[in-house]
Amino acid sequence: MSQKTLLNSKEIGIILHRLACQLIENHLDFSNTVLVGIQPRGIYLAERLASILRDEYEVKDIELGYLDITFFRDDFRRSEKILEANKTNINFVVENKKVVFIDDVLYTGRSIRAALTAIQSFGRPEEIELLVLIDRRFSRHLPIQPNYRGRQVDAINEERVKVNWSENEGEDMVYLINQEKDN
Amino acid sequence: MSELSVNHLLGIKYLKEEDIQLIFETADQFKEVINRPIKKVPSLRDITIANLFFENSTRTKLSFELAEKRLSADVINFSASQSSVKKGETLIDTVNNILSMKVDMVVMRHPNPGAGVFLSKNVSASIVNAGDGAHEHPTQALLDSYSIREKLGDVAGKNVVIVGDILHSRVALSNIFALKLQGANVKVCGPKTLLPTYIESLGVGVETNLRKALEWCDVANMLRVQNERMDISYFPSTREYAQQYGVTKALLDSLSKEIVIMHPGPINRGVEITSDVADSKQSIILNQVENGVAVRMAVIYLLAAKIKK
């Protein structure tokens, strides 16, 4: 197994600020916009963006929720891995709101497909956008593309993109991990 | 742990402590789901579940059916009163006929103890025991413990007394297994005639004085007197039973601390508890019913995850 660094903590910082600015460009004061982090790994990115918007760009009253998609996934009983549920915490109705889904890596698009179904339990949004830190090209199973992307990556199937956050792994880093055994 | 250690839920006796924790953690998520504006998830859209009730039931049957529908499973219902059981068909034949219609899971209530275990050895579907005679009623015990955990934060170390007709109660036995597994202290309380002879061998205390039992406990689970299972008289009269073992508001108020009152239903108001106790702030009877749906969703979801494609 080998790994190479895709983004270091400084680069991640720059990208987060750019993404925050792009969000402001489209949503101005966020009065009709809600941010939704996709569980389990999208919530760190969502929290970071929310705090940048709040502290550095003085956007007040950002509504931030977490959406768990476990029960909406299409691989229940099909994957070897047992699906474990996480907490959903959405204390607002998304009816007629602009929703921004936030996740760390966009790969097959199936998680986002599940999230599109799951969010319907909380109302009918006016529109839904997608923000991801890493967009893996050429690996989509579904016609889903991000509106905001941090970095585009070409990774082949055996490779895995791992996003570490200082909140849970002690560092802000993005790695490309090759899972094939070295000969 | 993310997987149950069992393929069927036949009784609490067959579960490990980690299974119970997994069911509770999953139920937490489902409890959030059933409080959404749209209370349904599509997880089990390719699963068909048969509810076979060979004995009467209202809330358990409704609770299971609702749990199944909230998970998007296809549901078929069967009750013995309208079936070929009356024409002499055996249990295995009845169930195998139903399974030929491509059913993946069976939720069964049956008057005979061990019916679930018997069935699990003879048919291929996942079996959920929804009560077998006076033996076990595992989902009731799980929702009771879940409700205690929700109200008091933890089950371990809590003092729980089960009051009433222990002899004829499947709720009592499953509750004793579940509570002991989670590290609670358990006592049973009732007239001697309604306590099984070797009940102490399960590691529970016995108390025949209701006031002493209530002074000791944090939670009192009040059971109904199961007249339909009594072939002889176990106590002189209902009025005398109510005087000795019925909880009244006056009795509750005279205790040194506030205890939690539970009841698996159906309540005989004025017998095991009075109306003002059942409707008081200390009672979590309706929370138990709400939690029942979430816990049953968790059980069905986790068992369905183990059905191979």
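Two strands are said to pair here if DSSP finds at least two bridges between them, and in strand 8 of chain A the residue Y175(A) is the bridge partner of K162(A). The model is predicted, and the points below take up chain A, its contact with chain B, the two assigned domains of chain B, and two places inside chain B, namely helix 4 and the residue F30(B).

**Overall build of chain A**

- Chain A holds four helices and eight strands, and read from the N terminus these elements follow the order β-α-β-α-β-β-α-β-β-β-α-β.
- Its radius of gyration is 16 Å, close to the 16 Å that the globule rule gives for 183 residues, so chain A is as compact as a globular protein of that length.
- The C-alpha trace of chain A spans about 55 × 40 × 30 Å along its principal axes, and 38% of the 183 residues of the chain count as buried.
- Among the contacts in chain A with a separation of 6 or more, 68% come from residues that are 24 or more positions apart.

**Strand pairing around strand 8 of chain A**

- Strand 8 (residues 173-178) of chain A pairs with strand 1 (residues 2-7) of chain A in the antiparallel sense, over five bridges, and in this strand 8 I177(A) is the bridge partner of Q3(A).
- Strand 7 (residues 159-164) of chain A also pairs with strand 8 of chain A in the antiparallel sense, here over six bridges, and K162(A) has its bridge partner Y175(A) in strand 8.

**Contact between chains A and B**

- The contact takes 16 residues from chain A and 16 residues from chain B.
- On the side of chain A that touches chain B, the residues divide into six nonpolar, five polar and five charged.

**Domains of chain B**

- The domain assignment of chain B gives domain 1, made of 12-137 + 289-304, and domain 2, made of 138-285.
- The centres of domain 1 and domain 2 of chain B, taken over C-alpha atoms, are separated by 25 Å, and 22 residues of domain 1 of chain B are in contact with 22 residues of domain 2 of chain B.
- On the side of domain 1 of chain B that touches domain 2 of chain B, the elements that give two or more residues are helix 1, strand 4 and helix 11 (285-304) of chain B.
- The residues of that side of domain 1 of chain B divide into nine nonpolar, seven polar and six charged.

**Helix 4 of chain B**

- In helix 4 (residues 115-122) of chain B, the residues A115(B), G116(B), L119(B) and S120(B) are buried.
- These buried residues cover an arc of only 130 degrees around the axis, which puts them on the same side of helix 4 of chain B.
- K121(B) and N122(B), which lie on the other side of helix 4 of chain B, are exposed.
- The buried residues of helix 4 of chain B pack against helix 3 (91-99), strand 3 (105-110) and strand 4 (126-132) of chain B.

**Surroundings of F30(B)**

- F30(B) lies in helix 1 (residues 17-33) of chain B, and F30(B) counts as buried because 25 other C-beta atoms lie within 10 Å, where the cut-off for a buried residue is 20 or more.
- Not counting residues up to four places away in sequence, F30(B) touches A294(B), M297(B) and A298(B).
- F30(B) and R70(B) are 40 residues apart along the chain, and their C-alpha atoms are separated by 9.4 Å.

Terms used:
Residues numbered from 1 in each chain as written. Chains lettered and ligands numbered in written order. Predicted model: local features only at pLDDT ≥ 70, side-chain atom pairs only at ≥ 80, totals over all residues. Rg over C-alpha atoms; globule rule 2.2 N^0.38 Å. Buried ≥ 20, exposed ≤ 12 C-beta atoms within 10 Å, placed from the backbone. Contact = placed C-beta atoms within 7 Å. Arc of directions from axis to C-beta. Nonpolar A, V, L, I, M, F, W, Y, C, P; charged D, E, K, R; others polar. Domains from an automatic or database assignment.
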